[in-house]
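Reader: Please set out the structure below, and then take my questions on it in turn.

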Amino acid sequence: MITIVKNQMMIEQYQEVLRVTSDAITLRLKDRMLSIEGEDLKVSALTKDEILIEGQWKGLQFHEA
């Protein structure tokens, strides 16, 4: 599940963080990949199955894993 509030995005049940830069974050989910593109992106909190991302996103894209 993805929850968005202002400039924060909480993603639950991710599997792996594949890439983190200030303009792109890529995550492996259970059965697909999620790419987040934007500006000033950063991982603010990280647990075993939740990740909190802050910044200004311009787009989200799901792909086959």
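The exchange that follows moves from the core to the surface, and then to selected residues and charged pairs.

Reader: On what basis are the values given, and from which position are residues numbered?

Author: This is a predicted model, in which local features need pLDDT of at least 70 and side-chain atom pairs count only at pLDDT 80 or more, while totals for chains, interfaces and linings use all residues. Side-chain values use heavy atoms, with hydrogens and water left out, and residues along each chain, as its sequence is written, are numbered from 1.

Reader: Which strand gives the most to the largest nonpolar core?

Author: A nonpolar core is a set of buried Ala, Val, Leu, Ile, Met, Phe, Trp, Tyr and Cys residues joined through side-chain atoms within 4.5 Å; buried means under 20% relative accessible area, exposed over 50%, and partly exposed in between (1.4 Å probe, protein chains only). The largest such core has eleven residues in all, namely Met-9, Ile-11, Tyr-14, Ile-25, Leu-27, Leu-29, Leu-34, Ile-36, Leu-41, Ile-51 and Ile-53. At least two residues of this core come from each of β2, β4 (24-28), β5 and β6, where strands are DSSP runs (E, at least two residues) numbered from the N terminus. With three residues, the strand that gives the most to this core is β5.

Reader: Which residues does the core member Leu-29 contact, leaving aside its neighbours within four places in sequence?

Author: Leu-29 belongs to the largest nonpolar core. Contact means heavy atoms within 4.5 Å. Leaving aside neighbours within four places in sequence, the contacts of Leu-29 are Ile-11, Tyr-14, Gln-15, Leu-34 and Phe-62.

Reader: How much accessible area does the nonpolar surface patch have together?

Author: Patches are made of residues with over 30% relative accessible area and no salt bridge, with like charges joined within 9 Å and nonpolar side chains (Val, Leu, Ile, Met, Phe, Trp, Tyr) within 5 Å. Strands β1 (2-5) and β6 (50-64) each supply at least two residues of the nonpolar patch; one of its members, Leu-60, is partly exposed at 38% relative accessibility. By the Shrake-Rupley method with a 1.4 Å probe, for which only the protein chains shown count as cover for residues, Ile-2, Ile-4, Leu-60 and Phe-62 together have about 330 Å².

Reader: With which side chain does that of Ser-35 make a polar contact?

Author: Ser-35 is placed in strand β5 (residues 32-46) and counts as buried because its relative accessibility is 13%. A polar contact is a pair of N or O atoms within 3.5 Å; within protein, one must be able to donate a hydrogen and the other to accept it, and residues adjacent in sequence count only if both atoms are side-chain atoms. At 2.8 Å, the partner of the Ser-35 side chain is that of His-63.

Reader: How far apart in space are Gly-38 and Glu-16, C-alpha to C-alpha?

Author: Gly-38 lies in strand β5 and counts as buried, at 9% relative accessibility. Not counting residues up to four places away in sequence, Gly-38 touches Ser-22, Asp-23, Gln-56, Trp-57 and Lys-58. Gly-38 and Glu-16 are 22 residues apart in sequence, and their C-alpha separation in space is 20 Å.

Reader: Which strands does the salt bridge of Arg-28 and Glu-16 tie together?

Author: The structure holds four salt bridges, each being a side-chain nitrogen of Lys or Arg within 4 Å of a carboxyl oxygen of Asp or Glu. In one of them, Arg-28 pairs with Glu-16, the closest N and O atoms being 3.2 Å apart. The pair ties together parts that are twelve residues apart in sequence, because Arg-28 lies in strand β4 and Glu-16 in strand β3.

Reader: What is the N to O distance in the salt bridge between Lys-42 and Glu-54?

Author: Lys-42 counts as partly exposed, at 46% relative accessibility. The side chains of Lys-42 and Glu-54 meet in a salt bridge, with an N to O distance of 4.0 Å.

Reader: What is the phi value of Lys-6, a residue other than glycine?

Author: Lys-6 is found in the loop between β1 and β2 (8-12), and is exposed with a relative accessible area of 77%. Phi of Lys-6 is positive, near 50°.

Conventions:
Helix = DSSP H or I, 4+ residues; strand = E, 2+ residues; numbered from the N terminus.
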